[in-house]
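Student: I'd like to go through this model and ask how each label is earned. Can you set the values against the definitions for me?

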Amino acid sequence: MINVTKSYLPDIEKYNSYIEKIYKSAWLTNNGSLVRELEKRLKDYLGVRNLILVSNGTIALELAYMALDLKKEVITTPFSFVATTSSLCMRNLSPKFSDIDESSFNLCPQELAKNISPNTEAILPVHVFGNPCSVEEIADIAQTHNLKVIYDAAHAFGTKYKGESILNYGDVSTLSFHATKLFHTIEGGAIITNNDELAEKIRYLINFGLVGEKIFHLGTNAKMNEFEAAMGLCVLDDIELILSERKIISDKYRSSLSGKYNLQEIMRDTEYNHSYFPIVLESEKHLMEIKEKLNKLDIFPRRYFYPSLDTLPYVLNEKVMKNSRKISESILCLPLYVGLTETEQDLIIDTLTK
Ligand SMILES: *Cc1c(COP(=O)(O)O)cnc(C)c1O
């Protein structure tokens with residue numbers, strides 16, 4: 001069976017040697033030495049100022065809203081994983097959708113500017129499939145209207161724009177280290193910010209608001225544990241291999257399928273991380289036909305993202321997000337992971353080009 005993705009598993013001996021260390025110390029969680037080591041190594045690798053490890057990418061988003069003290073309306077994209085919107089609702093914030101660009105699948109900055117209201121406090125764009133948003137235009141809009149910017153960068157680990165980490169844009173960026181993501185810690189995530197005060201506040205928030213033994217702030221529990229950090233340290237050792245193998249597979253899809261299918265247009269000046277390979281079909285009917293053909297061969301691409309989030313039953317939304325709905329109905333992410341063999345990829349490509 002060929003799935004859309006397969007979790008990367010590092011050398012088991014290496015992982016075991018970390019587990020033995022955890023057993024010896026009997027320190028399992030609460031900012032242990034492996035969590036601290038992983039934070040330091042990720043900060044260096046990504047080239048970011050503050051990075052706080054947390055228990056998952058969804059709580060990372062919620063913590064960003066809490067840290068920035070958001071209370072009202074946030075403009076976001078309807079074309080993302082459900083957690084982008086549901087995290088807002090979980091914090092009692094109102095998501096307001098703005099439509100995407102049909103080629104990049106990211107928030108369209110011109111549309112975004114039109115959707116700002118007196119209640120808007122922040123913008124929550126997503127670097128969809130690791131493709132950088134129009135970060136400069138978004139920064140200009142945010143500055144003009146005095147809005148905060150939080151990037152859901154769950155897919156953007158390792159992506160660089162103009163030679164530096166895409167995570168350095170906005171007030172806060174969040175990552176997901178879920179097992180299915182390019183870099184993972186089984187479950188996990190991170191919050192990145194250039195603002196030291198905000199970083200300090202987030203460190204209290206993830207640990208019940210405790211400062212030493214005193215309770216100063218309202219907080220939650222979002223700590224990463226040592227077993228997860230150990231997995232992260234092992235996966236990080238292999239990150240260059242992960243990125244280069246994914247690039248080879250992704251480049252082959254691109255050269256074999258361009259002209260035959262609509263492909264995501266990657267932002268200029270980008271070192272892309274090849275986290276996903278989506279193709280856009282002519283229609284939902286065409287998509288179902290292709291999906292069925294692949295499924296018969298035990299190949300399982302994924303309708304990612306479907307449905308468009310402006311159809312969620314728990315979100316009030318007046319406007320139909322035309323581009324997002326159109327892309328959602330006709331997009332399919334192809335299998336892309338370390339270990340996908342040439343024969344397997346050839347079978348996928350042959351099926352798609354026949
Ligand atoms: C995976 C993902 C999340 C949620 O991350 P978890 O670690 O699974 O909680 C949020 N946003 C996007 C765009 C994602 O793909």
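Tutor: Let's start with a definition: a polar contact is a pair of N or O atoms within 3.5 Å; inside protein, one must be able to donate a hydrogen and the other to accept it, and residues adjacent in sequence count only if both atoms are side-chain atoms. This is a predicted model, where local features need pLDDT of at least 70, side-chain atom pairs count only at pLDDT 80 or more, and totals for chains, interfaces and linings use all residues. Numbering runs from 1 along each chain as its sequence is written, and side-chain values use heavy atoms, leaving out hydrogens and water.

Student: What makes S176 and the ligand a polar contact?

Tutor: A side-chain N or O atom of S176 sits 2.7 Å from a ligand oxygen, so the pair falls within 3.5 Å and qualifies. T58 does it too, at 2.6 Å, and K181 has a polar side-chain atom 3.1 Å from a ligand oxygen.

Student: How much of the ligand does the protein bury?

Tutor: Alone, the ligand exposes 380 Å², and 93% of that gets buried; areas are Shrake-Rupley values with a 1.4 Å probe, and for residues only the protein chains shown count as cover.

Student: How do you know that β13 and β15 pair?

Tutor: Pairing takes at least two DSSP bridges between strands (E runs of at least two residues; helices are H or I runs of at least four, all numbered from the N terminus). Two bridges join antiparallel β13 and β15, so they pair. In that pairing, L263 faces I279 of β15.

Student: Why are β13 and β17 at the edges?

Tutor: The open antiparallel sheet is ordered β13-β15-β17. β13 and β17 each have a single partner strand, so one side of each lacks a neighbour in the sheet.
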